[in-house]
Amino acid sequence: MKVSDILRVKGNTLFTVSPDQPLAEAVKAMAEHDIGSLVVMAYGDLVGMLTFREVIAAVVKNNGSVGSLTVRTVMDDAPLTCTPETEIDEVRRMMLGRHARYMPALDGRTLMGVVSFYDVAKAVVDSQDFENRMLKAYIRDWPVEEDGAAAESKL
């Protein structure tokens, strides 16, 4: 299974923010859309990721307020990325290695979507459930040998 399979199921909705946008506006957008991350784009290029992790760290550092902070001052400016052709197992390893919960998928310089750790876990579980159902169906439909055939095979 590849990232493109997950993106196909998720749909095309992407939420982005500019690096010079006030952090308060970005946090408001995250809350309104019930999302945990925003891709930071400048002049059509990915320049960072803003997740709830960076927001919480900034709020704690700023005495409980976002104040006049901008997205640029708190974003992850070197996020992990993948391509639509990246295998899900590789994405899982990369995310676990960096404790990343969100990963933008790029086709060249074009943002194709964002894959979350939830998306990866769901894809793995769905795949395992399908395989489990197929194995159970295979076992259930196993041909039963008749007594004569069983006796002949022992000879």
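Select Arg-8 first: at 60% relative accessibility, this residue counts as exposed. You are looking at a predicted model.

**Stop 1: helix H1**

Keep Arg-8 on screen and add Asp-5. The two side chains meet in a salt bridge, 2.5 Å from N to O. Both residues belong to helix H1, where they sit 3 residues apart, about one turn of the helix. Asp-5 is partly exposed, at 28% relative accessibility.

**Stop 2: just before H1**

Now step back to Lys-2. Which residue forms a salt bridge with Lys-2? Show Glu-85: the closest N and O atoms of this pair are 2.9 Å apart. Lys-2 lies in the segment before helix H1 (3-10). Glu-85 is in the loop between helix H4 (71-74) and helix H5 (88-98). The contact therefore ties together parts that are 83 residues apart in sequence. Color Lys-2 as partly exposed, with a relative accessibility of 28%.

**Stop 3: helix H2**

Go to residues 23-33, which make up helix H2. Pick Lys-28 and Glu-32. Their side chains form a salt bridge, with 3.9 Å from N to O. The spacing is 4 residues, about one turn of the helix. Buried or exposed? Lys-28 is exposed, and Glu-32 is too. The bridges visited up to here are among the 10 salt bridges found in a search of the whole structure.

**Stop 4: the E2-E3 hairpin**

Select residues 37-42 for strand E2 and residues 45-51 for strand E3. The two strands run antiparallel, and 6 bridges join them. Find Leu-38, then look across to Leu-50 in E3, which stands opposite. Next, move to the turn. The hairpin has 2 residues between its strands. Check the backbone at Tyr-43, where phi is positive, near 55°.

**Stop 5: an aromatic pair**

How many aromatic pairs does the structure hold? There is 1. Show Phe-52 and Tyr-102 to see the pair. The ring centres are 6.3 Å apart, and the planes meet at 85°, an edge-to-face arrangement. Phe-52 lies in helix H3 (residues 52-61), while Tyr-102 lies in strand E4 (residues 102-107). The pair thus ties together parts that are 50 residues apart in sequence. Finish on the surface view of Phe-52: this residue is partly exposed, with a relative accessible area of 33%.

Definitions and conventions
Residues are numbered from 1 along each chain as its sequence is written. This is a predicted model: local features need pLDDT of at least 70, side-chain atom pairs count only at pLDDT 80 or more; totals for chains, interfaces and linings use all residues. Side-chain values use heavy atoms; hydrogens and water are left out. Rings of Phe, Tyr and Trp (its six-membered ring) pair if their centres lie within 6.5 Å; planes under 30 degrees apart count as stacked, over 60 as edge-to-face and the rest as tilted. Buried means under 20% relative accessible area, exposed over 50%, partly exposed in between (1.4 Å probe, protein chains only). A salt bridge is a side-chain nitrogen of Lys or Arg within 4 Å of a carboxyl oxygen of Asp or Glu. Two strands pair if DSSP finds at least two bridges between them.
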